[in-house]
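Here are my notes on this one, for when you first open it up. Have a look at the model before reading on.

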Amino acid sequence: MTPARRLRNIIGGSAGNLVEWFDWYAYAAFTLYFAPVFFPKGDATAQLLSTAAIFAVGFFMRPVGAWVMGVYSDRKGRKAGLTLSVTLMCTGSLIIGLTPGYASIGVAAPALLLFARLLQGLSVGGEYGSSATYLSEMATAKHRGFWSSFQYVTLISGQLLALLLLILLQQTLSEPDLKAWGWRIPFLFGAALAVVVFWLRRRLDETRAFEGDISGPPKSSALLLITKHPREALLVLGLTAGGTLAFYAYTTYLQKFLVNTTGFSKDVATQISAAALFIFMLLQPAVGALSDRIGRKPVMIAFGVSGVLFTVPIMSSLATADSPFIAFLLAMGSLVIVSGYTAINAVVKAELFPAHIRALGVALPYAIANAVFGGTAEYVALWFKSEGVESAFFWYVTGMIGVSLMVYLFMRDTRHRSLIVHED
């Protein structure tokens, strides 16, 4: 495959990933505005708890999506899995964007919101394994860390695009209009983008690794993963737990934390989050390239040690920050730390498994850890706050990063013992 063709496929796969994650994060970015539409009773924290619960439930659908579409991607091809996932995401976004509020249809409104998030959870569960596998297999061995880091470049880009759209709407619409109907715009916009991505993904090349290895070995299944690759599956669970919790604490929850705890306005909190995420996005290829030079293991250990040492000081300082610039610097510090996980976690997982079960092996254990720790991050944080012990959440994040650090210390460096072949 020529370098130009390889680059076209990586860009095409990444662009689809961006839209998938834009749709997923639009929910989190606009929660502050649509929570009263679906859950009209209670104070602000109670409404956020209700929407955070549905956010968490969507995460618990991700293991199902990882299982079903991981097997589908291993058997039918990475391109087929990527195309199916974006179709489901489009449907979920349309439902959220078009569903009337509680005042119009009663309990059917939160029920439809829940159903849409279940569809999106199914989609994202399959997206992670398919895209991580596709980008890792499409890249050459020498630059695999660099190119696979674009999964999180596009993931962060999707989150950043959602925040930028929120900023734009905050500047052009009044707050009553945003709460009444403006929050629907990102979901309809995301559904339209998904149609474009469907067309793009139909034009991608299949990876050599899938075409070369998939016909001989046993067919992908959860039973095969558990019986033949239990150690690798447990490694994915362990290395994901602390990283995914830290990622959602430092990104998705940060915007609400800056409003609900620090006391910034919604506009200022969104601007701080967007600025920090933009720099975070630019860091991913640099950290991925570093892992190509020094190995994956030292980079992950650096995240683990820094996360254990600095999470509590950073979050405690953020809670009392009275300057947007200071809040930005603190947020940026946390994101620099978590880059040691985000930039390379996909390639590390992909390098652990042979091609015939790679998409499932990457997706299913990751989705389970993500549901248990990442998907519940907001709810746990808000629960601690409602109980008057918000600082306990900072220690919870620190402890889980410590658990993952133990995994990093004792696992092999996958850069030197990768199972990905046919990368020429």
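The points below go through some helix pairs, then the core, then a handful of buried residues.

1. First, a reminder: this is a predicted model. Please keep that in mind with every number that follows.

2. Start with α16 and α21. Helix α16 covers residues 296-319, and its axis and that of α21 come within 9 Å, crossing at roughly 165°. Angles over 145 degrees count as roughly antiparallel, so α16 is roughly antiparallel to α21. The crossing of the two helices is left-handed.

3. What does that contact consist of? The residues of the contact of α16 with α21 divide into 15 nonpolar, six polar and one charged. On the α16 side you'll find, among them, Met300, Ile301, Phe303, Val305 and Val308, as well as Gly304 and Gly307. The residues they meet in α21 include Phe394, Trp395, Ile401, Leu405 and Tyr408. Lys297 of α16 is also part of this contact.

4. Helix α21 has another partner worth a look, namely α20 (residues 377-386). Here the axes come within 7 Å and cross at roughly 145°. Ala377, Val380, Ala381 and Phe384 from α20 meet Ala392, Phe393 and Tyr396 from α21. By class, that gives seven nonpolar residues, no polar ones and no charged ones.

5. Just past that helix, check threonine 414, which sits in the segment after α21 (391-410). Is it buried or exposed? Its relative accessibility is 1%, so threonine 414 counts as buried. Setting aside residues up to four places away in sequence, threonine 414 touches Arg296, Val348, Glu351 and Leu352.

6. Next, the pair α8 (residues 150-172) and α15 (residues 266-294). They pack at an angle of about 155°, with their axes 9 Å apart. That angle makes α8 roughly antiparallel to α15. As α8 passes α15, the crossing is left-handed. The residues of this contact divide into 15 nonpolar, eight polar and two charged.

7. While you're at α8, pick out glutamine 159, which is found in that helix. Glutamine 159 has a relative accessible area of 5%, and the limit for buried is under 20%, so this residue counts as buried. Leaving out residues up to four places away in sequence, glutamine 159 touches Trp21, Tyr25, Phe247, Thr251, Thr252 and Leu277. Its C-alpha atom is separated by 8.5 Å from that of aspartate 23, 136 residues apart along the chain.

8. Aspartate 23 turns up again with a second glutamine. Glutamine 120 lies in helix α6 (residues 108-138) and is buried, with a relative accessible area of 0%. Beyond residues up to four places away in sequence, glutamine 120 touches Asp23, Trp24, Met89, Gly92, Ser93 and Ile96.

9. Helix α6 also holds glutamate 137. This residue is buried, with a relative accessible area of 2%. The C-alpha atoms of glutamate 137 and glutamate 351 are separated by 9.2 Å, and the two are 214 residues apart along the chain. You met Glu351 above, as one of the residues touched by threonine 414.

10. Arginine 144 is a similar thing to check, in helix α7 (residues 144-148). Arginine 144 is buried, at a relative accessible area of 2%. Its C-alpha atom and that of alanine 289, 145 residues apart along the chain, are separated by 8.2 Å.

11. Now the core. Which residues of the largest nonpolar core touch the most other members? Of its 117 residues, the answer is Trp183 and Leu318. Not counting residues up to four places away in sequence, leucine 318 touches Leu254, Phe257, Leu258, Thr262, Ala327, Leu330 and Ala331.

12. Last, alanine 359, in helix α19 (residues 358-374). With a relative accessibility of 0%, alanine 359 counts as buried. Which residues is it in contact with, leaving aside neighbours within four places in sequence? They are Gly70, Ser73, Asp74, Arg78, Gly129 and Thr133. For serine 73, the C-alpha atoms are separated by 6.4 Å, although serine 73 and alanine 359 are 286 residues apart along the chain.

Notes:
Residues are numbered from 1 along each chain as its sequence is written. This is a predicted model: local features need pLDDT of at least 70, side-chain atom pairs count only at pLDDT 80 or more; totals for chains, interfaces and linings use all residues. Side-chain values use heavy atoms; hydrogens and water are left out. Axes are lines fitted to C-alpha atoms, for helices over the stretch in contact, and angles run from 0 to 180 degrees between N-to-C directions. Helices (H or I, at least four residues) and strands (E, at least two) are DSSP runs, numbered from the N terminus. Angles under 35 degrees count as roughly parallel, over 145 as roughly antiparallel, 65 to 115 as roughly perpendicular and the rest as oblique. A crossing is left-handed if the near helix is turned anticlockwise from the far one by less than a right angle, and right-handed if clockwise. Ala, Val, Leu, Ile, Met, Phe, Trp, Tyr, Cys and Pro count as nonpolar, Asp, Glu, Lys and Arg as charged, and the others, Gly among them, as polar. Buried means under 20% relative accessible area, exposed over 50%, partly exposed in between (1.4 Å probe, protein chains only). Contact means heavy atoms within 4.5 Å. A nonpolar core is a set of buried Ala, Val, Leu, Ile, Met, Phe, Trp, Tyr and Cys residues joined through side-chain atoms within 4.5 Å.
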